[in-house]
Amino acid sequence: MPGANERALEKAKGLPADALILDLEDAVAPAAKQEARTRVCAAVAAGAYGRREVAIRVNGRDTPWHADDLRAAAQAGPDAVVVPKIGSPADVHAVERDLDAAGAPGHTLIWAMVETPIAMLRALEIAQASPRLAVLVMGTNDLANELRAQHVPGRAPLLTGLGLCLLAARASGKAILDGVYNDVRDAEGFAAECRQGRELGFDGKTLIHPGQVEPCNRAFSPSAEQLAEAAEIVRAWADAEAAGRGVVTVNGRMIENLHVDNARRLLAVDAAIAGRPRALR
Ligand SMILES: CC(C)(COP(=O)(O)OP(=O)(O)OC[C@H]1O[C@@H](n2cnc3c(N)ncnc32)[C@H](O)[C@@H]1OP(=O)(O)O)[C@@H](O)C(=O)NCCC(=O)NCCSC(=O)C[C@H](O)C(=O)O
Ligand SMILES: [Mg+2]
């Protein structure tokens, strides 16, 4: 949410979102940058967002605001700083150095926005640059802009970039969040893009409006059918193992240990959701 918008910062305290990104970059006009920085850092330091992960998106390294943003964010101690337009491992190392120099607590991780053609081509190097880098965040607006691509249903012009970043995240054990959907009134288009993001393998999606939170939670939560099937797979596998068999069928489909791993992951996601306070579900 825009860091200069007091109403949005307040509203965020009651949103059922897993994580909040308090923005100092594109959602804040140049004249409001300083005020937004003060407001956001005070809100984070006050710790009023409960169990939601809280991140501060600073301005990019090539802007006059970056150094002051990063220093102030380091002192506020959010769960993460989100850094726009990361294009190389050197960018990640520089952010890491600056966080350390500013005395950031160890729990403040780096979320890298990948949103340029060079970031797509170097996604693996970026993802592997540091253990402190925990999440890749797709910046699909900037990416489309730089590619001179159009925003179309199905996102065909962006699929190469989305796929490269997903491969990089999975190969390096990092989380990855899909980009934002700009038309806050288009519920159908938004639902389709959430579905596509989940089918592609994203861990979640970045959002820009409170009305997008619940539909997104629904899209990224395992369905009752998926959970029932996962439980059946785990049960059938345990029976097969007890009988000394390495392969089994469930509902006519072959099940091997990789399917069991995925079933266990789904059940763990469901347990994690169930374990959250009701306001966050
Ligand atoms: C998109 C918006 C400008 C729409 O604003 P508005 O028309 O004012 O929305 P509503 O009137 O429907 O708002 C209803 C209430 O919800 C609050 N609200 C609105 N947005 C947020 C929010 N993001 N977080 C929390 N609360 C929010 C309003 O204050 C209203 O409250 P109430 O008074 O109680 O009724 C606006 O939603 C907006 O500014 N969204 C965020 C924009 C943003 O953060 N942009 C930066 C991220 S996008 C990005 O990262 C792109 C990326 O870099 C890339 O390259 O792709
Ligand atoms: Mg961007």
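This is a walk through the fold of one chain, from its overall shape to its sheet, two unusual backbone spots and the surroundings of its ligand. Please keep in mind that the model is predicted.

Let's begin with the chain as a whole. Its secondary structure comes to 12 helices and 9 strands. The radius of gyration is 20 Å, close to the 19 Å that the globule rule gives for 281 residues, so the chain is as compact as a globular protein of that length. If you align the C-alpha atoms with their principal axes, they fill a box of roughly 65 × 40 × 40 Å. Of the 281 residues, 37% count as buried. Contacts can also be sorted by distance along the sequence: taking those with a separation of 6 or more, 70% are between residues 24 or more positions apart.

Now to the sheet. It is an open sheet of 7 strands, in the order S1-S2-S3-S4-S5-S6-S7, and the pairing is parallel. S1 (19–23) and S7 stand at the edges with a single partner strand each, so one side of each is left without a neighbour in the sheet. In general, strands of a sheet pair through backbone hydrogen bonds, either parallel or antiparallel.

We can cross the sheet strand by strand, starting at the S1 edge. S1 pairs in the parallel sense with S2 (residues 53–57) over 5 bridges, and Leu-22 stands opposite Ile-56 in S2. Further along the order, S3 (residues 80–83) and S4 are joined in parallel by 4 bridges, with Ala-80 facing Leu-109 of S4. To get from S3 to S4 the chain passes through helix H4 (residues 89–101), a β-α-β crossover that is right-handed.

S4 (residues 109–114) is a good place to pause. How many of its residues are buried? The count is 6 of 6, so to speak of S4 as mostly covered is fair, given that a residue counts as buried when 20 or more other C-beta atoms lie within 10 Å of its own. In a regular strand the side chains alternate between the two faces of the sheet. In S4 both faces are covered: Leu-109, Trp-111 and Met-113 are buried on one side, and Ile-110, Ala-112 and Val-114 are buried on the other.

From S4 we step to S5, which pairs with S4 in the parallel sense over 5 bridges. Ile-110 stands opposite Leu-133 in S5, while Ala-112 stands opposite Leu-136. Here 5 of the 6 residues of S5 are buried, so this strand is largely enclosed by the rest of the structure.

On the way to the other edge, 3 bridges join S5 (residues 133–138) to S6 (residues 175–178), again in parallel. Val-135 has Ala-175 of S6 as its bridge partner, and Leu-136 has Ile-176. S6 in turn is joined to S7 (residues 204–205) by 2 bridges, with the two strands running parallel. In this pairing Leu-177 is the bridge partner of Gly-204 in S7. The chain travels from S6 to S7 by way of helix H9 (residues 187–200), and this β-α-β crossover is right-handed.

Two residues deserve a look for their backbone angles. Lys-85 is not a glycine, yet its phi is positive, at about 50 degrees. You will find Lys-85 in the loop between S3 and H4, where it is buried, with 21 other C-beta atoms within 10 Å. Asn-251, also not a glycine, has a positive phi of about 50 degrees. This residue lies in the loop between strand S8 (248–250) and strand S9 (253–255). Is Asn-251 buried or exposed? With 9 C-beta neighbours inside 10 Å, Asn-251 counts as exposed.

Finally, turn to ligand 1. Which residues come nearest to it? Of the 20 residues around ligand 1, they are Met-1, Ala-8, Gly-139, Asn-141 and Asp-142. Helix H1 (6–11) and helix H7 (140–147) are the elements that give two or more residues to this shell. Sorted by class, the shell has 9 nonpolar, 5 polar and 6 charged residues.

Notes:
Residues are numbered from 1 along each chain as its sequence is written. Chains are lettered from A and ligands numbered from 1 in the order in which they are written. This is a predicted model: local features need pLDDT of at least 70, side-chain atom pairs count only at pLDDT 80 or more; totals for chains, interfaces and linings use all residues. The radius of gyration is taken over C-alpha atoms; the globule rule is 2.2 Å times the number of residues to the power 0.38. A residue is buried if 20 or more other C-beta atoms lie within 10 Å of its own, exposed if 12 or fewer, and partly exposed in between; C-beta atoms are placed from the backbone. Two residues are in contact if their C-beta atoms, placed from the backbone, lie within 7 Å. A residue is near a molecule or strand if its C-beta atom, placed from the backbone, lies within 6 Å of it. Ala, Val, Leu, Ile, Met, Phe, Trp, Tyr, Cys and Pro count as nonpolar, Asp, Glu, Lys and Arg as charged, and the others, Gly among them, as polar. Two strands pair if DSSP finds at least two bridges between them. A crossover is right-handed if, with the strands pointing away from the viewer, the path from the first strand over the helix to the second runs clockwise.
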